Number of protein chains: 2
Amino acid sequence: MIKFILCSNNIVDNNYSNTEIKILDAAKSLFLKKGYSATTTRDIARESDINLAMLNYYFRSKRRLFEIIMFETLYEFLSKMVEVYNDEKTSLEQKLKLCSEKYIDMIIAEPLLPTFVLNELKNNPTSFLKMPTTKMIMKSNFVAQYQEGVKKGIYRKVDPIHFVTNVLSVIVFPFMCSPIIMKIENLSKKDFNIMMTERKKLIPAWIIQMIKK
Amino acid sequence: MIKFILCSNNIVDNNYSNTEIKILDAAKSLFLKKGYSATTTRDIARESDINLAMLNYYFRSKRRLFEIIMFETLYEFLSKMVEVYNDEKTSLEQKLKLCSEKYIDMIIAEPLLPTFVLNELKNNPTSFLKMPTTKMIMKSNFVAQYQEGVKKGIYRKVDPIHFVTNVLSVIVFPFMCSPIIMKIENLSKKDFNIMMTERKKLIPAWIIQMIKK
DNA sequence: ATATGAATTAAACAAATGATTAATAAAAAA
DNA sequence: TTTTTTATTAATCATTTGTTTAATTCATAT
């Protein structure tokens, strides 16, 4: 049984001391903002207002601290996915609506997460290998419902991986382009979030049109 | 008039000496692979097989070298965009086909580019501000044709920024997820590229279904 | 109250890193 | 050829960075 927990806003049983939590919070914030290499241990010490030596005292090394944060962040991310995708009670169309709402809210709350995850994953794909929930998406109720629809002749047939990829693409990618979109459309951060909120309703409709015969 | 040119495979009039080109090639490759902070000047010197001091002799600082590469990379990326989007002879549907083909080929040739650009842009959005072609996409023939279609009642009406964002999302995002997709689908790099090549045909059809009434 | 272990601190270390220097080699100009 | 400019090299500098140490404070149990 894994005993992990990352940040102060998490609820799972938490063995971490105050100091550890301060370190983890600051480190997560900095790693997300600047990435692994650009974040120094002294940055983390300053931001969390602890003595530099405490980082190594509690977490042994910067690398190990990073890996704990990476694991927790990935786990949190994937858990929220699985939750929606495997709900037996909802239809495919409801799931589409639920997951775009949930993801968009989640990323508005933590906008640096997607770029961070995908970027650090590129440098170290093995950290993803360890995650249990990884393959669950393709075996989820969500995909099964799509394939049923194909059988019934309601939906067009494509490899489910394309279907899932498309859904995630139109949800997540715009956030990764936020600096570009904000620039070319002259949007404030607030305006941008309004635009993303609009998409909560639009995306399910687009996806349905995309697959419906 | 800007006189820039980055790498050996570029053709524009090139004032750079052999040594400079070796440095630029190695630096681009390393910056793309590892990002700015994780790349050291000694890495670049080793990879380009030049003396460490030559980097500062020719480019003054690591930061300045990076900015040259970033500018050139962005410029190259955006130029290819504008080319397709502003072609007066092609229809919207042809443009969709052309641009998904062109982008997918481009990213297959340089798969690290999207993550690199978006990641480094997050750290320094001003570098994008300097680019001239930035706002051209929204004023392109591509967008105009979509809006015409809306007027004619052929296409559903949404803010063009959503339309453009969606097109780019389904083209680019899958590449940024390549480690994930390869993992959950058990694909080799070759298999993955085949899958992306499939999408060249699929994407234009999806987008049309998405917007057509 | 005292002793024991855990938590915290300031200082220091060793390696890495961006940048510079001073000397030398090569190329171009005189 | 000689002079002058440009390119290249090895060595060095000053910081920065991850990590450790040794001393000190704090908390807890005896």
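In this predicted model, helix H5 (residues 92-109) of chain B and helix H8 (residues 141-151) of chain B have axes that come within 9 Å and cross at roughly 140°. An angle over 145 degrees would count as roughly antiparallel, and H5(B) and H8(B) are therefore oblique to each other. As for handedness, H5(B) passes H8(B) in a left-handed crossing.

Who does the touching here? On the H5(B) side, Leu92(B), Lys95(B) and Leu96(B) make the contact, and they meet Asn141(B), Phe142(B), Gln145(B) and Tyr146(B) of H8(B). Sorted by class, this contact of H5(B) with H8(B) has four nonpolar residues, two polar ones and one charged one.

Now over to the DNA. There are 15 residues around DNA strand D, and Thr41(A), Arg42(A), Lys62(A), Tyr57(B) and Tyr58(B) come nearest. So both chains turn up in that short list, with Thr41(A), Arg42(A) and Lys62(A) from chain A and Tyr57(B) and Tyr58(B) from chain B. Looking at the strand's own side, sugar and phosphate account for 54% of the atoms of DNA strand D that come within 4 Å of the protein.

Some of the polar contacts to phosphate oxygens of DNA strand D are set out here.

| Residue | Atom on the protein side | Distance to a phosphate oxygen of DNA strand D |
|---|---|---|
| Thr41(A) | polar backbone atom | 2.6 Å |
| Lys62(A) | polar backbone atom | 2.7 Å |
| Thr19(B) | N or O atom in the side chain | 3.1 Å |

Thr41(A) and Lys62(A) each use a polar backbone atom here, whereas Thr19(B) reaches its phosphate oxygen with a side-chain N or O atom.

Which elements give two or more residues to the surface near DNA strand D? Chain A offers helix H2 (41-48) and helix H3 (52-59), and chain B offers helix H3 (52-59). The largest share comes from H3(B), with four residues. By class, the surface near DNA strand D divides into six nonpolar, seven polar and two charged residues.

Last, a look at chain A as a whole. Chain A has 11 helices and zero strands, and reading along its sequence gives the pattern α-α-α-α-α-α-α-α-α-α-α. Its C-alpha trace spans about 65 × 45 × 30 Å along the principal axes of chain A.

Terms used:
Residues numbered from 1 in each chain as written. Chains lettered and ligands numbered in written order. Predicted model: local features only at pLDDT ≥ 70, side-chain atom pairs only at ≥ 80, totals over all residues. Heavy atoms only, no water. Axes fitted to C-alpha atoms, helices over the stretch in contact; angles between N-to-C directions. Parallel < 35°, antiparallel > 145°, perpendicular 65-115°, else oblique. Left-handed = near helix turned anticlockwise from the far one by under 90°. Contact = heavy atoms within 4.5 Å. Nonpolar A, V, L, I, M, F, W, Y, C, P; charged D, E, K, R; others polar. Near = heavy atom within 4 Å. Polar contact = N/O pair within 3.5 Å; in protein donor to acceptor, adjacent residues only side chain to side chain.
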